[in-house]
Amino acid sequence: MMQDWANWGIETAKRRGATYADARVMDIRQREISTKNGEVGTLLETESLGIGIRVIASGAWGFASTDRLTREGVQACAAEAVNIAKASALAKRANASLAPEEAYLDTWQNPFLKDPFRVPVERQIDLLLAADKEMRRVKGVTLAEGSMSLRRIEQLFVSSIGSSIHQIKMQSGAGIVATAFKGSEIQKRSFPNSFGGQHALQGYELIESLDLVSHAPRIGEEAVALHSAAQCPEGTRTILLGSSQLGLQIHESIGHPIELDRVLGMEANFAGMSFLTIDKLRKLKYGSDMVNVVADARLEHGLGLGTFAYDDEGVPAQCTPIITNGLFTGYLTNRETAAAIGEKRSNGTMRTESWNRLPIIRMTNISINPGKWKFDDLIADTDDAILMETNRSWSIDDRRYHFQFSTEIGWEIKGGKKTRMVKNPSYSGITTEFWNSCDAICSRDHWTLWGTPNCGKGQPTQTMGTGHGASPARFHNIKVGAAFAKS
Amino acid sequence: MNRIMTLSRRKSSTRHAQPGLETKTTVAGLESIADRVLKLSEADATEVEIGATTDALTRFANNTIHQNVAEQTLAISVRAVVDGRTARTTTNKTDDESLRRVAASAITLARNTPKNPNLLPLLGAQKYQKVSRSVAATAAATPQDRARAVMHVCRMAEKNKQTAAGIFSSGSMDSVLANSRGLFAHYEQTRAEFSVTILEENSSGWAKSNSTDIREVHADALAESASRKAAESRKPRELAPGRYTAILEPAAVLDLVGFLFYDFAATAVTDKRSCLTGRIGKKIFGDNITLWDDVYHPLQMGAPFDGEGLPKQKVLLVDRGVPRNLVYARAAAKKTKVKPTGHGFSLPNDYGEAPMNLVFSGGGQSLDEMVRTTERGILITRLWYIREVDPYEKVLTGMTRDGTFLVENGNVAGGIRNFRFNQSVIEMLSNVEMLGPAVRAAGEEAFDMVVPAMKVRDFHFSEVTKF
């Protein structure tokens, strides 16, 4: 039926005057489980099926979506998309134009070993409750939480240029958090990452590989120990970032500023713009020579939340060099913005949260290439620094210059050795100054493709999963401690 | 087996014509779906929540419409209770087979969970205070209506050699909550919103407003205000970071105090993750801070019942600087042996409850008076990317954005580069020197609420950015 629904939409749009039309039918199934202090919190399964139709008519864009999947419902939706496009034309300055793309007939599914929806929910709950119990065994832990999120997205993309692309993506993710309240402080530790743990385009094998139960006692103990730890010292320091924190640093200070819709002002009212104006392409020294960053949606990059075969406007997955030996070399584009800056082709980053949302430019897997350092050697090579791990808060201005991050835990490095734990570590800076201060990146052995499941953008707001490969790295002359400074 | 009782129905409902997409599901249609689910369910007890939404949003940038969307969605959410266990499943398919399947799935999920010692029986029929928040003119707005308003704003910007970006949205929603013990609740609401950023080469201004009535959303006036701010903040100068007197417009206040809302949840205090843990009854804010949760306030929006169908109460949260009360879902209330306040989320959930209709008591001073009485300070239009740094002292970080000005000797003395702040909200609400009248404000980081402009001493700006 998916093909019929899409065809009805495209045919109606063309008959109503659309010069271009595409339709996305999406069937999304989700399971959300959470536990808190020994009890099940959320237990929810959701399914959602519908169609979104995007058109160009009278030289302007229109989009409409519906879950009324009768012939009449889909045709009314397509007609409304054309009606909206014609209304858009009232405030048009130029006709919408698209970079050329070929038509594709294809079907694709990401590889996975265990369908997470076939794993009994009782087993999934038991796993979270077992980790919960281990965290609460630690005296001083006042709140133990666990969460698991499973998602299957089946989608069919059909366009008026003749594409018909069927994709199935299976995602899994889980994480645990131990919180300790004492006196006038709340401290917490998360595993394997904060804000929901690790997420990837994998089956239940991902959840099993995380081994949450084994890590639960350690994070409980660290949450409690933070209360006795010294405050992270302020000043201009050398810092080492753990790989998940570096992943978020990439997300905020590279991934967002390279979105070409931001650069061109299309997000100015909400998500903001970017300091990476067009004149900076292939001219700006974004980072030090060892900084190499790619936007890679291909399967060979890994099973990240930004992995697919085709984007949501029918463009094949690609690998785009974003920073090459420190030089800024590429944006994230779609067919419209690629045409606007004279690129021959979109690099395939249009993605949509669901059938009822317009695809917009989103990060795929934005990853830093691994360096050559072993982590222990990097510590041994560092005389005086703070190692910061696991994000606690993040903020960056609307042009992506000035950022401030804090992490859950820090460790002082003195004379080549990891010494005492410090609490409330934070650092701040200006994006290009920060990346140019990088002098060491750890090797592939320490590189993880992290999944960020909660990236918000667009109006109406859409949430998207993005991937960020990173290994621990070292940065010099970084401002540390501003978040907790009193004046 | 299901115990289906006679539902207490609404006698009539205002139905608005919906342009464009297929005719929206009527309230009777939603009731019919709820009935079918309750009949099909074999759970000990069943709750069904249905939401039907028609929304449209016209988006503009670079003085042209670049995105223009409409959606029609239906969500049917079924909660099954079986042998002291509960779980929820949701679908948007309305055929009998899908409804039967979703009801059965909820039972299967519930059976696989441990018994929930805090689970209470479903509520029976309730009485609700009437709220009227559905306006025909809003529901009837067309893409052409929105496009014409946007076109006018874009032309004004072009004429001023400025660039406009923003959104104009309109839509309506209907929700029904029913259960097998005879509870039936219905709520309908329309909403229109206009938000605009006006840009110049090195400055910008912003304004935003929303209402149930599209006729109360004045796009031209909002755009003129944003345009003026962009013009007045040209060539911003850089100021050293430090502690300054800050004059926060209502949108900026909203996005800061919005971070407090979950701290007033009884569950958050029980979980020891609220900044009010150990602070209820103690004076932690200034005398001039009084805060209510009041869904019935004429400037508020939202349903008069919570996720379990309990009527919402008006609750005094802060009385002259002293946090006095929390809000309670039924389970949290039972644990604490108090009466529930009608602020619970749909079950099952981790978070319990929260006040979602915050109303500050406000004051009588205008923004102009705040400026006039300030020797040296910072006037802030809006804030951006606010995140919690310290959850107990409630230190938040974020940036100023789209209209940040130096105030000197009682006058606005031009634009300045945007600051990063690291500021405790508790400290801020102890340092409020002047309050404006409470108005309905809209920001980007918190849900809408009724807040005043505030003049705050010693606001901590920690660093400055490049623009």
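Which residues are buried in H5(A)? They are Leu212(A), Ala216(A), Ile219(A), Gly220(A), Glu222(A), Ala223(A) and Val224(A); a residue is buried if 20 or more other C-beta atoms, placed from the backbone, lie within 10 Å of its own. This is a predicted model, in which local features need pLDDT of at least 70 and side-chain atom pairs count only at pLDDT 80 or more, while totals for chains, interfaces and linings use all residues. Residues are numbered from 1 along each chain as its sequence is written, and chains are lettered from A and ligands numbered from 1 in the order in which they are written.

Helices (H or I, at least four residues) and strands (E, at least two) are DSSP runs, numbered from the N terminus. The 14 residues of H5(A) should span 20 Å at 1.5 Å a residue (1.5 Å times one less than the number of residues), and the end C-alpha atoms of the helix are indeed 20 Å apart. The cover over the buried residues of H5(A) includes the elements of chain A tabulated here.

| Element of chain A | Residues |
|---|---|
| Helix H3 | residues 121-136 |
| Strand S6 | residues 164-182 |
| Strand S7 | residues 185-191 |
| Helix H4 | residues 204-210 |
| Strand S18 | residues 402-414 |

An automatic or database assignment gives chain A domain 1 (2-228) and domain 2 (230-484). Their contact takes 47 residues from domain 1 of chain A and 39 residues from domain 2 of chain A, where contact requires C-beta atoms, placed from the backbone, within 7 Å. The C-alpha centres of the two domains of chain A lie 21 Å apart.

Chain B has 10 helices and 19 strands. Buried residues make up 56% of its 467 residues.

Notes
Buried ≥ 20, exposed ≤ 12 C-beta atoms within 10 Å, placed from the backbone. Contact = placed C-beta atoms within 7 Å.
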